[in-house]
Amino acid sequence: MSGRNGQRRHAILVVEDDPHIRALITDVLSSAGYQVRAVQSGEEAVDAVRQEQPVLVVLDVHLPGMSGYEVCGWLRNRFRDSVPVMLISGERIEGFDRAAGLMLGADDYMSKPFSTEELVARVRGLLRRTVPPSRSLETKLTVRELEVLRLLAGGLGQKEISGHLAISAKTVGTHIEHILMKLGVQSRTQAVALAYREQLIEATSPEIGPEARVPTSAKPGSY
């Protein structure tokens, strides 16, 4: 995927100085199928963006040195509206704080503590507005691999898929390994989440049960 000036739009950039919150956001978004790069300061964020244009920036307002507001302004000057920015804050949570952030060019403003489910939902909403749907990944998978992926999304295990497709469990395992490699993910959960995000799987597909309709493995909670 290419962005402005021909740069590759690759990962969500998380800018958060609190190591626990930074790790939480990274884990939640990774589990939802997104590639994530995390840094702890505004200066590091600017360096990271100069190296590679992010697909979205989750940006804490209160940062050491260069503030989140300053980084947001810099991003807007550089990319205009092509990179969505979500500001988050545990201190500046009043209405005028939110208004100030939006006036600086932020696309969304979320207060701490926040629900992990809400975070994923807001990120998906922002990306739906700025990143056109792409089915290019579908061309990387064979017909059989797509069948296996859809059955994984339906909650079936390796042995159940084996019986459903009348192939050996070992062959199913090989297909799963190929799916993970081709999609560039580390787990079956991430593969299913990515398949939903890239529209490789339709939520109304008959093979998909209710348990597969929420692709993130993050448990309901807040931080």
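The largest cavity in this structure, which is a predicted model, encloses about 50 Å³ of space, and the structure holds one cavity of 30 Å³ or more. If you would like to find this largest cavity on the screen, look for the residues that line it, namely Ala-11, Ile-12, Leu-13, Arg-37, Ala-48, Glu-52 and Pro-54. What kinds of residue make up the lining of the largest cavity? Five of them are nonpolar and two are charged, while none is polar.

Let me turn now to the salt bridges. Side chains of opposite charge can pair when their charged atoms come close. How many salt bridges does the structure hold? There are seven, and I will take three of them in turn.

Asp-60 forms a salt bridge with Lys-112, and the closest N and O atoms of this pair are 3.4 Å apart. The pair links distant parts of the chain, since Asp-60 belongs to strand 3, residues 56-60, and Lys-112 to the loop between strand 5 and helix 5, with 52 residues separating the two. Are these two partners buried or exposed? Asp-60 has a relative accessibility of 3% and therefore counts as buried, and Lys-112, with a relative accessible area of 17%, is buried because the cut-off for that word is under 20%. Asp-60 and Lys-112 are also linked with Glu-16 in a network of salt bridges.

The next pair is Asp-108 with Arg-122, whose side chains meet in a salt bridge at 3.0 Å, taken from N to O. Asp-108 lies in strand 5 and Arg-122 in helix 5, so this salt bridge ties together parts of the chain that are 14 residues apart in sequence. Asp-108 is buried, with a relative accessible area of 16%, whereas Arg-122 is partly exposed, with a relative accessible area of 23%.

The last of my three pairs joins the side chains of Lys-182 and Glu-145, which meet in a salt bridge at 2.9 Å, again from N to O. Because Lys-182 lies in helix 8 and Glu-145 in helix 6, the pair ties together parts that are 37 residues apart in sequence. Here Lys-182 is partly exposed, at a relative accessible area of 25%, while Glu-145 counts as buried, at 3% relative accessibility.

Glu-145 brings us to helix 6, which covers residues 143-153, and in which the buried residues are Glu-145, Leu-146, Val-148, Leu-149, Leu-151, Leu-152 and Ala-153. What covers the buried residues of helix 6? The cover includes helix 7, helix 8 and helix 9, which span residues 158-165, 169-183 and 188-197 respectively. Just after helix 6 comes Gly-155, which takes a positive phi of about 90°.

Helix 7 is my final stop. Its buried residues are Ile-161, Ser-162 and Leu-165, and they cover an arc of only 105° around the axis, which means that they sit on the same side of helix 7. As a reminder for those new to helices, an α-helix has 3.6 residues a turn, so residues three or four places apart point the same way. On the other side of helix 7, Lys-159, Gly-163 and His-164 are exposed. Which elements do the buried residues of helix 7 pack against? They pack against helix 6 and helix 8. Just after helix 7, Ala-166 takes a positive phi of about 60°.

Technical notes:
Residues numbered from 1 in each chain as written. Predicted model: local features only at pLDDT ≥ 70, side-chain atom pairs only at ≥ 80, totals over all residues. Heavy atoms only, no water. 1 Å grid on protein atoms, 1.4 Å probe; cavity = no way out; pocket = protein on both sides within 12 Å on 5 of 7 lines; lining within 4 Å. Points joined across faces, edges and corners; volume = space filled by probe spheres on them. Nonpolar A, V, L, I, M, F, W, Y, C, P; charged D, E, K, R; others polar. Buried < 20%, exposed > 50% of the residue type's maximum accessible area, 1.4 Å probe, protein only. Helix = DSSP H or I, 4+ residues; strand = E, 2+ residues; numbered from the N terminus. Contact = heavy atoms within 4.5 Å. Salt bridge = Lys/Arg side-chain N within 4 Å of Asp/Glu carboxyl O. Arc of directions from axis to C-beta.
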